[in-house]
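Welcome! Here are some short exercises to work through with the structure open beside you. Try each task before you read its solution.

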Amino acid sequence: MTPQTPALRLVLVRRVSTAGQAVDGYGLDAQETDCRRWGTIQTTPTVRIVHMVTDGDSKGGKSGTTLLDERPGLMNAVQWIADGKADGIIAPNLDRLARELTVQEAVLSYVWAIGGRVFTADHGEHLEDDVSDPMRTAMRQMRGVFHQLDRGLIIKRLTEGRAAKGAKGGYAYGSPRFGQRSVDKALTDAEDENAIAEQMERWRDEDGLGVRAIAARANAEGLPSKRGGKWHPTTVARVLSSQAREQARQQAAKARADRKEQQRRERAARLLAQR
């Protein structure tokens with residue numbers, strides 16, 4: 001009798017990059033269905049999905065540009081391989097593993113380095129690089145390039161759309177200031193918040209209160225802030241001064257840019273460490 005080949009033990013890897021994608025786009029259930037369907041038709045050898053991991057959920061996604069150590073689900077899949085409990089991973093496509101070529105190649109290299117195999121439902125097995133077959137590597141990396149290009153085009157469209165809307169005076173992005181709220185992606189006046197702002201102006205103009213006293217009085221009387229927290233002198237100052245609001249907006253934008261630059265530097269350091 002011909003000995004039966006043991007089933008290939010795979011960890012199913014899913015990822016959504018945004019909360020909306022989990023519900024409306026290529027969501028987690030659809031990804032799992034595609035992977036399991038692929039597994040049922042494999043015969044040489046047969047495939048057994050022994051574990052499933054997920055990065056991102058209905059509340060928030062996980063970017064495909066994040067590195068391996070920033071993906072707890074993928075890290076867990078790798079650990080299963082390292083512990084000998086699985087032989088490799090199965091993902092719907094390379095895009096779900098990564099949407100940036102450098103990240104894609106880093107993930108593949110790491111899985112291969114610990115003896116694991118990589119499969120995608122739309123392609124089958126992605127074999128390790130072979131110097132005798134450079135076309136294999138080139139074609140895989142070409143797919144990664146187009147995944148990265150697709151992501152770049154999406155970001156470009158979003159950025160240009162927001163800029164065009166802002167140039168026309170529309171609500172483009174960011175948190176609406178106190179006294180306004182976003183309704184159907186358009187700014188409208190928030191009457192309850194404007195009433196609070198007018199009350200604070202009367203305390204300042206008629207009662208001669210400073211921003212600290214106004215904040216204390218607003219908290220004592222239970223006036224709700226924008227996000228439901230306590231009033232602070234700085235937030236009161238922004239409500240009472242359009243110039244202060246603009247300064248705060250610029251400071252917030254600078255802080256976001258600084259965080260992004262720091263994340264870029266940390267990511268570069270991790271990439272260099274993996275070489």
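**Exercise 1: Locate a proline**

Find Pro 233 in this predicted model, and say which helix holds it, how exposed it is and which residues it touches.

Solution.
- Step 1. Pro 233 has its place in helix H9.
- Step 2. The relative accessibility of Pro 233 is 25%, so it counts as partly exposed. The cut-offs behind this are under 20% for buried and over 50% for exposed.
- Step 3. Leaving aside residues up to four places away in sequence, Pro 233 touches Val 211, Arg 212 and Ala 215.
- Step 4. The C-alpha atom of Pro 233 is separated by 7.7 Å from that of Ile 214, a residue 19 places away along the chain.

**Exercise 2: Two helices that meet**

Work out how the axes of helix H8 and helix H9 are arranged, and which kinds of residue make up their contact.

Solution.
- Step 1. Two packed helices are described by the angle and the distance between their axes.
- Step 2. For H8 (residues 211-220) and H9 (residues 233-240), the axes come within 8 Å and cross at roughly 105 degrees. H8 is therefore roughly perpendicular to H9, because angles of 65 to 115 degrees count as roughly perpendicular.
- Step 3. On the H8 side, the residues that meet H9 are Val 211, Arg 212, Ile 214 and Ala 215. Their partners in H9 are Pro 233, Val 236, Ala 237 and Leu 240.
- Step 4. Sorted by class, this contact has seven nonpolar residues, one charged residue and no polar ones.

**Exercise 3: Which way do the buried residues point?**

List the buried residues of H8 and of H9, then decide how they are placed around each helix axis.

Solution.
- Step 1. A helpful reminder is that an α-helix has 3.6 residues a turn, so residues three or four places apart point the same way.
- Step 2. In H8, Ile 214, Ala 215 and Ala 218 are buried. These residues cover an arc of only 100 degrees around the axis, so they lie on the same side of H8.
- Step 3. Now look at the other side of H8, where Arg 212 and Ala 220 are exposed.
- Step 4. The buried residues of H8 pack against H9 and helix H7 (191-205).
- Step 5. Turning to H9, its buried residues are Val 236, Val 239 and Leu 240. Seen down the axis of H9, they fall within an arc of 90 degrees, so they line one face of the helix.
- Step 6. Just beyond H8 there is a glycine to look at: Gly 222 follows the helix and has a positive phi, near 75 degrees.

**Exercise 4: Charged pairs**

How many salt bridges does a search of the whole structure find, and how exposed are the residues in some of the pairs?

Solution.
- Step 1. Side chains of opposite charge can pair when their charged atoms come close. The search finds 11 salt bridges in the whole structure.
- Step 2. One salt bridge joins the side chains of Arg 9 and Asp 87, with 3.0 Å from N to O. This pair links distant parts of the chain, 78 residues apart: Arg 9 is in strand S1 (residues 8-15), while Asp 87 is in the loop between helix H3 (72-82) and strand S3 (88-91). Arg 9 is partly exposed at 24% relative accessible area, and Asp 87 is partly exposed at 23%.
- Step 3. Arg 96 and Asp 95 also form a salt bridge, at 2.6 Å from N to O. Both Arg 96 and Asp 95 are buried.
- Step 4. In the pair of Asp 205 and Arg 204, the closest N and O atoms are 2.8 Å apart. Asp 205 is exposed, with 54% relative accessible area, whereas Arg 204 is partly exposed, with 33%.
- Step 5. Finally, salt bridges link Arg 14, Glu 32 and Arg 36 in a network.

**Exercise 5: A glutamine and its neighbours**

Is Gln 104 buried or exposed, and which residues does it touch?

Solution.
- Step 1. Gln 104 lies in helix H5 (residues 101-113).
- Step 2. The relative accessible area of Gln 104 is 2%, so this residue is buried.
- Step 3. Not counting residues up to four places away in sequence, Gln 104 touches Leu 94, Ala 98, Arg 140, Gln 141, Gly 144 and His 147.

Key
Residues are numbered from 1 along each chain as its sequence is written. This is a predicted model: local features need pLDDT of at least 70, side-chain atom pairs count only at pLDDT 80 or more; totals for chains, interfaces and linings use all residues. Side-chain values use heavy atoms; hydrogens and water are left out. Axes are lines fitted to C-alpha atoms, for helices over the stretch in contact, and angles run from 0 to 180 degrees between N-to-C directions. Helices (H or I, at least four residues) and strands (E, at least two) are DSSP runs, numbered from the N terminus. Angles under 35 degrees count as roughly parallel, over 145 as roughly antiparallel, 65 to 115 as roughly perpendicular and the rest as oblique. Contact means heavy atoms within 4.5 Å. Ala, Val, Leu, Ile, Met, Phe, Trp, Tyr, Cys and Pro count as nonpolar, Asp, Glu, Lys and Arg as charged, and the others, Gly among them, as polar. A salt bridge is a side-chain nitrogen of Lys or Arg within 4 Å of a carboxyl oxygen of Asp or Glu. Buried means under 20% relative accessible area, exposed over 50%, partly exposed in between (1.4 Å probe, protein chains only). The arc is that of the directions from the helix axis to the C-beta atoms.
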